[in-house]
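Work through the exercises below with the sequence and the model side by side. Try each task before reading its solution.

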Amino acid sequence: MSLLDEYTVKCVLLTKTITDDPLGGYKTSWVDGVEFKAAWEYQSAPEIIVAEQQGVSRVYRIYVDKTLDLGYHEVFRRTDNGQIYRVTNPGTDRKTPSFSRLNRRLIEVEQWELP
């Protein structure tokens, strides 16, 4: 166990399902999927703070187990506060080397709202 493990928060991957509704349209719902843990780092560079003030979504970096493959625009919920996030950079090339004991992947996410 590392110090980074002490700062992890439980998260749940959300799966989008689309079903027909009786009126000829469709209904979108989100179903809980795989649980995982992530350590959070809030991005606070001056440019990011100005962008947030102008309406851009809040941006975070999260550290997850490198065996977890989250794709671009996959959606998940943080269980401690219920906030929804969407992956903006899946971190396919941002992971610790195989000999490292940390076993982490760096993923960038944004705060998001379910449609």
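**Exercise 1.** In this predicted model, find the hairpin formed by β4 and β5, and determine how many residues lie between the two strands and which residue in the turn has a positive phi.

*Solution.* Begin with the two strands themselves, β4 at residues 75–78 and β5 at residues 84–89. Next, follow the chain from one to the other, where 5 residues lie between them, and check the backbone angles of the turn, in which G82 has a positive phi of about 75°. Finally, look across the pair: β4 and β5 are antiparallel and are joined by 3 bridges, with R77 standing opposite I84 of β5.

**Exercise 2.** Establish in which sense β1 and β4 run relative to each other, and how many bridges join them.

*Solution.* Locate β1 at residues 8–20 and set this strand beside β4; the two run antiparallel, and 4 bridges join them. As a check on one position, take C11, whose bridge partner in β4 is R78. Strand β4 therefore pairs with β1 as well as with β5, since two strands count as paired when at least two bridges are found between them.

**Exercise 3.** Describe the protein chain as a whole, starting from its order of helices and strands and ending with its burial.

*Solution.* First count the elements, which are 1 helix and 6 strands, and then read them along the sequence to obtain the pattern β-β-α-β-β-β-β. The C-alpha trace spans about 55 × 35 × 25 Å along its principal axes. Last, consider burial: of the 115 residues, 30% count as buried, the cut-off being under 20% relative accessible area.

Notes. Residues are numbered from 1 along each chain as its sequence is written. This is a predicted model: local features need pLDDT of at least 70, side-chain atom pairs count only at pLDDT 80 or more; totals for chains, interfaces and linings use all residues. Side-chain values use heavy atoms; hydrogens and water are left out. Buried means under 20% relative accessible area, exposed over 50%, partly exposed in between (1.4 Å probe, protein chains only).
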